[in-house]
Amino acid sequence: MALADPECGISNGADSASPFSDIIELNVGGQVYVTRHTTLIAVPDSLLWNMFSKKKPTELARDSKGRFFLDRDGFLFRYILDYLRDLHLVLPDYFPEKSRLQREAEFFQLRDLSKVLSPKMSKDNSITDEICQSDSEELSASATPLVGPDTSRTLSVPSTAHSPSLESKKSGYITVGYRGSYTIGRDIQTDAKFRRVARITVCGKTSLAKEVFGDTLNESRDPDRPPERYTSRYYLKYNFLEQAFDKLSEFGFHMVACSSTGTCAYSSNDPNEDKIWTSYTEYVFCRE
């Protein structure tokens, strides 16, 4: 619900010298966030610092409900905001959008965060996303202290990131399922009329699902599932079953089982009408 005051927030004891209220509402790519003004200006010379300390509220873009609007990735902004709260980067295991998050960090002019997220070069000059302990210590030691009441906070990075090359050797099962429908005429010789696959679901261990399908896996319903837990809440962003099979084959999986169930009904009471069949099919893939 939009707030009535011109700063789209609640005063709550904010600095009287600032034209912004203490509590700020943001609309980032359609996602609504509520945070403190001090959080947004935590990193000097960043884009948000310039917006909310150098400009006036009337100079910033608003949405129809008066929230400050940023035309950026609303999902990834949650990590930007978490970083601004204590200058500490925390990402889920097997995070497939690190390069996109780095792009967001560069846009918001968070240089230390962008440096942490940049791909590392291995000894053979190949790119790897793994963050080693020495990198964490170096960045933590060289990070610029926070300017403000709490000067003890510095940039730090978890040193427990997993190497994708090691995880890819894990054995396990992935189940791919889809629901479809088609019609068959009364004449048994009539060709079936198939409808397209509406959605391909993915069930199995989170680490395996993310390894195989990467950013084509829609995680909006289960984004922070621990890697060693099982889930059936994922589905793919495309609806080509053959594309899913190709990805599984590429990562060393082979089909070990398949099952299907179906029901039929008439589209009307007219006995001359076609039958409508609805089916659900699952394919089980294994990597030993």
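Biologist: What relative accessible area does Arg85 have?
Modeller: This is a predicted model, in which local features need pLDDT of at least 70, side-chain atom pairs count only at pLDDT 80 or more, and totals for chains, interfaces and linings use all residues. Residues are numbered from 1 along each chain as its sequence is written, and side-chain values use heavy atoms, leaving out hydrogens and water. Buried means under 20% relative accessible area and exposed over 50%, with partly exposed in between (1.4 Å probe, protein chains only). Arg85 counts as partly exposed because its relative accessible area is 38%.

Biologist: Which residue meets the side chain of Arg85 in a salt bridge?
Modeller: A salt bridge here is a side-chain nitrogen of Lys or Arg within 4 Å of a carboxyl oxygen of Asp or Glu. The partner of Arg85 lies with it in helix 3 (residues 77-86), three residues apart, about one turn of the helix; helices (H or I, at least four residues) and strands (E, at least two) are DSSP runs numbered from the N terminus. This partner is partly exposed, at 34% relative accessibility. The N to O distance is 2.6 Å, and the residue is Asp82.

Biologist: How many residues apart in sequence are the parts tied together by Asp22 and Arg36?
Modeller: Asp22 and Arg36 form one salt bridge, with 2.3 Å between the closest N and O atoms. Asp22 lies in the segment before strand 1 and Arg36 in strand 2, so the parts that the pair ties together are separated in sequence by 14 residues.

Biologist: Which of these two is buried, Asp22 or Arg36?
Modeller: Arg36 has a relative accessible area of 42%, so it is partly exposed. At 8% relative accessibility, the buried residue is Asp22.

Biologist: Which residues are joined into one network by salt bridges that share partners?
Modeller: The structure holds 10 salt bridges. Another pair is Glu228 and Lys205, whose closest N and O atoms are 3.4 Å apart. That pair links distant parts of the chain, from the loop between strand 9 (217-218) and strand 10 (230-236) to strand 8 (residues 200-205), 23 residues apart. The network built on shared partners consists of Glu25, Asp63 and Arg67.

Biologist: Which backbone oxygen does the side chain of Tyr33 reach?
Modeller: Tyr33 is in strand 2 (residues 31-36) and is buried because its relative accessibility is 15%. Beyond its neighbours within four places in sequence, its contacts (heavy atoms within 4.5 Å) include Ile24, Leu26, Phe75, Phe77 and Arg78. A polar contact is a pair of N or O atoms within 3.5 Å; within protein, one must be able to donate a hydrogen and the other to accept it, and residues adjacent in sequence count only if both atoms are side-chain atoms. At 2.4 Å, the side chain of Tyr33 reaches the backbone oxygen of Gly74.

Biologist: What order do the strands have in the open sheet of three strands?
Modeller: Two strands pair if DSSP finds at least two bridges between them. Strand 1 and strand 2 run antiparallel and are joined by six bridges; one bridge partner pair is Asn27 and Val32. The pairing in the sheet is mixed, and its order is 2-1-3.

Biologist: At what angle does helix 3 run to strand 2?
Modeller: Axes are lines fitted to C-alpha atoms, for helices over the stretch in contact, and angles run from 0 to 180 degrees between N-to-C directions. Helix 3 lies across strand 1, strand 2 and strand 3, and its angle to strand 2 is about 5°.

Biologist: Which element gives the most to the largest nonpolar core?
Modeller: A nonpolar core is a set of buried Ala, Val, Leu, Ile, Met, Phe, Trp, Tyr and Cys residues joined through side-chain atoms within 4.5 Å. The largest one has 30 residues, and among those touching the most other members are Leu26, Phe77, Ile80 and Leu110. Strand 1, helix 2 (47-54), strand 3 (68-70), helix 3, helix 4 (98-107) and helix 5 (111-117) each supply at least two of its residues. With six residues, the element that gives the most is helix 3.
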